[in-house]
Amino acid sequence: MDFEFSAQTQDLQKRLSAFMDEYVYPAEKDHANELAANTAAGKRWTPLQTLEKLKEKARAQGLWNLFLPVDSAEHAGYPGGGLSNLEYAPLAEIMGRVSWSSEIFNCSAPDTGNMETIARYGNEEHKARWLKPLLEGRIRSAFAMTEPAVASSDATNIETRIERQGGAYLINGRKWWISGASDPRCKILITMGKTDPSAPKHAQQSMILVPADTQGVEIIRALNVFGYDDAPHGHAEVCFTNVRVPISNILLGEGRGFEIAQGRLGPGRIHHCMRLIGLAERALELMCKRTLTRVAFGKTIAQQTVTQERIAQARCQIDMARLLTLKAAWLMDVAGNKAAKTEIAMIKVVAPNMALQVLDWAIQAHGGGGVSDDFPLAAAWAGARTLRFADGPDEVHRNAIAKWELGKYTAAPALRDTPVPVTRGC
Ligand SMILES: Cc1cc2nc3c(=O)[nH]c(=O)nc-3n(C[C@H](O)[C@H](O)[C@H](O)COP(=O)(O)OP(=O)(O)OC[C@H]3O[C@@H](n4cnc5c(N)ncnc54)[C@H](O)[C@@H]3O)c2cc1C
């Protein structure tokens with residue numbers, strides 16, 4: 001087994017790390033200060049110029065759309081990074097070291113997932129009108145599935161109605177936790193809902209493109225995560241009241257919502273998990289640097305064996321999560337998403353829990369400073385905590401892993417053929 005990355009990946013790792021060192025880490029204070037200034041000026045939900053300027057530099061250096069896998073780029077008819085999932089994974093890790101940096105490279109959720117969805121399942125008109133400006137970073141998008149009224153970890157519960165009326169579809173429903181919908185650059189929402197409640201369970205749902213400025217689309221409020229609203233991107237509650245869009249806005253056709261969600265599952269999870277691994281690596285780095293410089297009871301905190309235990313455990317857990325995630329990416333490349341379904345579910349359980357543990361140790365090692373915004377740890381922990389249910393709760397993925405495991409030793413189809421949980425969120 002060859003653990004060395006391709007020459008192209010190694011070159012991109014070097015260039016991306018150099019870009020992070022030269023521009024991104026030094027911009028963390030500017031990012032916070034600009035957001036504070038915008039807030040004071042009453043324009044908190046305004047795109048940050050700190051990021052917009054860095055996007056131009058990243059694009060000029062060819063560090064743009066690296067996420068778009070070779071096969072999706074072929075579907076799209078637009079160039080991506082020309083990388084496989086395995087080749088892009090370590091780049092997502094580097095971007096994940098700063099929670100907002102992947103946007104600089106046009107590689108942030110939910111746009112990456114939405115671009116791939118339109119690339120694979122959109123028609124030529126969809127691609128020209130929405131995919132092209134998304135790939136150029138001129139607009140942003142959202143994925144609207146989760147609803148406050150139902151347990152959305154089971155996507156068959158989604159109640160939003162998409163009703164055919166002549167040459168249009170009428171959409172009525174209420175969604176929440178829709179990442180990016182509050183962003184003024186959000187121009188399109190891929191919306192999931194029921195076109196036929198009487199159809200078989202997994203054929204009731206469809207996905208449809210809803211332009212954000214369509215009459216009846218209303219942003220109700222921005223939700224926050226432990227007090228963080230992730231402005232100017234955010235997560236919104238959105239109401240759809242008699243929203244009318246042309247029948248041509250449906251993706252693939254009526255009743256194919258689950259098919260699209262399943263077909264689209266893999267890459268986004270690799271990205272999430274590799275970003276979490278990057279976050280945990282940064283937390284471990286900050287923990288080491290902090291404990292080597294803080295002296296208490298006559299010795300540095302790093303000399304305390306409990307600190308050394310935690311640092312060692314963190315190193316072990318990070319590397320285990322990385323190897324499992326890279327294996328999932330490799331398996332997707334060589335055998336397809338379906339063959340990698342167990343690994344994809346496993347990393348969705350392992351990576352967030354690992355990151356939360358490492359971040360918690362790093363926060364503890366920083367004392368009171370660890371829960372303040374003087375360090376990136378508190379916000380990172382809040383973000384990582386959401387990934388224990390965003391894109392599907394741990395329990396749902398563990399259920400699936402266990403059923404697939406039991407399915408190896410029984411002919412019972414209920415166990416052997418357990419479907420991949422569709423819980424795509426952000
Ligand atoms: C920051 C953030 C961003 C998000 N972005 C998006 C987005 O862009 N688009 C979008 O559509 N959604 C988004 N979501 C929503 C997310 O995908 C859902 O919260 C998630 O799918 C869980 O659904 P729910 O909140 O309805 O929980 P519920 O379905 O009500 O589940 C609640 C709890 O029940 C337990 N549970 C559920 N099923 C089982 C089971 N089989 N066995 C045991 N226990 C179980 C789990 O503990 C689960 O956490 C986001 C959420 C957050 C926090």
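Which residues form one aromatic cluster here? They are Phe19, Tyr23 and Phe105. Bear in mind that this is a predicted model. Below is a quick tour of that cluster, then helix 11, then the surroundings of the ligand.

**The aromatic cluster**

- Four aromatic pairs turn up in the model overall.
- One of these joins Phe19 and Tyr23: the ring centres sit 4.8 Å apart with the planes at 55 degrees, so this pair counts as tilted. Tilted is the label for whatever falls between the cut-offs of under 30 degrees for stacked and over 60 for edge-to-face.
- Both residues belong to helix 1 (residues 7–24), and because they are four residues apart, about one helical turn separates them. As a rule, an α-helix has 3.6 residues a turn, so residues three or four places apart point the same way.
- Phe19 also pairs with Phe105, and here the centres are 5.4 Å apart and the planes stand at 70 degrees, so the pair is edge-to-face.
- That second pair bridges a gap in sequence: Phe19 is in helix 1, while Phe105 lies in the loop between helix 5 (85–96) and helix 6 (111–121), so the contact ties together parts that are 86 residues apart.
- Are Phe19 and Phe105 buried or exposed? Both are buried, and for Phe19 the relative accessible area is just 1%.

**Helix 11 and what follows**

- Helix 11 covers residues 341–365, which makes 25 residues.
- From first C-alpha to last, helix 11 reaches 37 Å, close to the 36 Å expected at 1.5 Å a residue.
- Gly367, just after helix 11, has a positive phi of about 65 degrees.

**Around the ligand**

- The ligand has 22 residues around it, and the ones that come nearest are Phe143, Thr146, Ser153, Trp177 and Glu395.
- By type, that shell splits into twelve nonpolar, eight polar and two charged residues.
- Glu395 places a polar side-chain atom 2.7 Å from an oxygen atom of the ligand.
- On the nitrogen side, a ligand nitrogen atom is 2.8 Å from an N or O atom in the side chain of Ser179.
- Asn399 has a side-chain N or O atom 3.0 Å from a nitrogen atom of the ligand.
- How much of the ligand's accessible area does the protein cover? The answer is 74% of the 980 Å² that the ligand has on its own.
- Strand 3 (168–179) and helix 13 (394–407) are the elements that give two or more residues to the shell.

Key
Residues are numbered from 1 along each chain as its sequence is written. This is a predicted model: local features need pLDDT of at least 70, side-chain atom pairs count only at pLDDT 80 or more; totals for chains, interfaces and linings use all residues. Side-chain values use heavy atoms; hydrogens and water are left out. Rings of Phe, Tyr and Trp (its six-membered ring) pair if their centres lie within 6.5 Å; planes under 30 degrees apart count as stacked, over 60 as edge-to-face and the rest as tilted. Buried means under 20% relative accessible area, exposed over 50%, partly exposed in between (1.4 Å probe, protein chains only). The expected span of a helix is 1.5 Å times one less than its number of residues. A residue is near a molecule or strand if one of its heavy atoms lies within 4 Å of it. A polar contact is a pair of N or O atoms within 3.5 Å; within protein, one must be able to donate a hydrogen and the other to accept it, and residues adjacent in sequence count only if both atoms are side-chain atoms. Accessible areas come from the Shrake-Rupley method with a 1.4 Å probe; for residues, only the protein chains shown count as cover. Ala, Val, Leu, Ile, Met, Phe, Trp, Tyr, Cys and Pro count as nonpolar, Asp, Glu, Lys and Arg as charged, and the others, Gly among them, as polar.
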